[in-house]
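Colleague: Could you pick one spot in this model and take me through it closely? I'd like to see how you get from a single residue to what surrounds it, so don't rush.

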Amino acid sequence: MEQTLSIIKPDATKKGVIGKIIDRFESNGLRIAAAKKVQLSVEDAKKFYEVHASRPFYNDLVDFMTSGPVVVMVLEGENAVLKNRELMGATNPKEAAPGTIRADFAESIDANAVHGSDSLENAKIEAENKLKEDLKKESDQESVTASASSSASESDIKPENEKVS
């Protein structure tokens, strides 16, 4: 069974659609193994998106990802990486298929609601990222897990005021 990292970005958390997005994952066979609502530090965002450091949008991406809370999740299921990509839709919501997360909830190519690994290889790299390490540590202690039988809502996610370190 594959695992992948998924992030509900600040634009979607501000809109209050966390539960709707989680429901898309669960309704399509992906289990939320762990989830945590966090405020990313600039350092964490830079490290996570380090692969884009030389791209012109990098600084704007870091600013956006630190502009509000995000929900970091570990999704698991058969073909989790591919299924997550299909559910998210194209990076540019104007090009995303109707019914995908980005078509329904994203504002723009920059504020596109969700992040998901683009390959199994990158899923493994992201899974080793500090974000997942902190998430796993929390899930072992007290983090929220959502089951497919639950109706996830924003209240299901334990808000955290502390930054991921």
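Modeller: Sure, but we need one bit of vocabulary: a residue is buried if its relative accessible area is under 20%, exposed if that is over 50%, and partly exposed in between. Keep in mind too that this is a predicted model.

Let's begin at Asn79, which sits in the loop between strand 3 (70–77) and helix 5 (80–88). Asn79 has a relative accessibility of 48%, so it counts as partly exposed. Its backbone is worth a look: phi is positive, about 50°, although Asn79 is not a glycine.

Now step back into strand 3. Glu76 in strand 3 pairs with Arg31 in strand 2 (residues 31–38), linking parts of the chain that are 45 residues apart. The pair is a salt bridge, with the closest N and O atoms 2.6 Å apart. How exposed are the two partners? Arg31 is partly exposed at 41%, while Glu76, at 13%, is buried. The general idea is easy to remember: side chains of opposite charge can pair when their charged atoms come close.

Next, helix 2 (residues 18–27). Its buried residues are Ile18, Gly19, Ile21, Ile22, Phe25 and Glu26. Why do they line one face of the helix? Looking down the axis of helix 2, you find the buried residues within an arc of 160°, so they line one face. That fits a general rule: an α-helix has 3.6 residues a turn, so residues three or four places apart point the same way. Lys20 and Ser27, on the other side of helix 2, are exposed. After helix 2 comes Gly29, and its phi is positive as well, near 90°.

Helix 2 also has a charged partner elsewhere. Arg24 and Asp104 meet through their side chains in a salt bridge, 2.6 Å from N to O. Arg24 is in helix 2 and Asp104 in helix 6, so to speak a link across 80 residues. Asp104 is partly exposed, at 40%.

That makes two of the three salt bridges in the structure. The remaining pair is Lys15 and Glu107, at 4.0 Å from N to O. Because Lys15 belongs to helix 1 (residues 10–15) and Glu107 to the loop between helix 6 and strand 4, the pair ties together parts that are 92 residues apart in sequence. Lys15 is partly exposed at 39%, and Glu107 is exposed at 51%.

Stay in that loop for a moment, since Ala113 is there too, between helix 6 (101–105) and strand 4. Like Asn79, Ala113 has a positive phi without being a glycine, here near 75°. Asn79 is partly exposed, whereas Ala113 is buried, with a relative accessible area of 0%.

From here we can move on to the largest pocket, which has a volume of about 780 Å³. It is lined by 26 residues, and Tyr49, Val51, His52, Leu61 and His115 are the closest to its centre. Strand 4 (114–116) is one of the elements that give two or more residues to this lining. By type, the lining has eight nonpolar, eight polar and 10 charged residues.

Tyr49 brings us to a last stop, the structure's one aromatic pair. Phe48 and Tyr49 sit edge-to-face, 5.0 Å centre to centre with 80° between the planes. Phe48 is buried at 8%, and so is Tyr49 at 5%.

Definitions and conventions. Residues numbered from 1 in each chain as written. Predicted model: local features only at pLDDT ≥ 70, side-chain atom pairs only at ≥ 80, totals over all residues. Heavy atoms only, no water. Phe/Tyr/Trp six-rings, centres within 6.5 Å; stacked < 30°, edge-to-face > 60°. Buried < 20%, exposed > 50% of the residue type's maximum accessible area, 1.4 Å probe, protein only. 1 Å grid on protein atoms, 1.4 Å probe; cavity = no way out; pocket = protein on both sides within 12 Å on 5 of 7 lines; lining within 4 Å. Points joined across faces, edges and corners; volume = space filled by probe spheres on them. Helix = DSSP H or I, 4+ residues; strand = E, 2+ residues; numbered from the N terminus. Nonpolar A, V, L, I, M, F, W, Y, C, P; charged D, E, K, R; others polar. Arc of directions from axis to C-beta.
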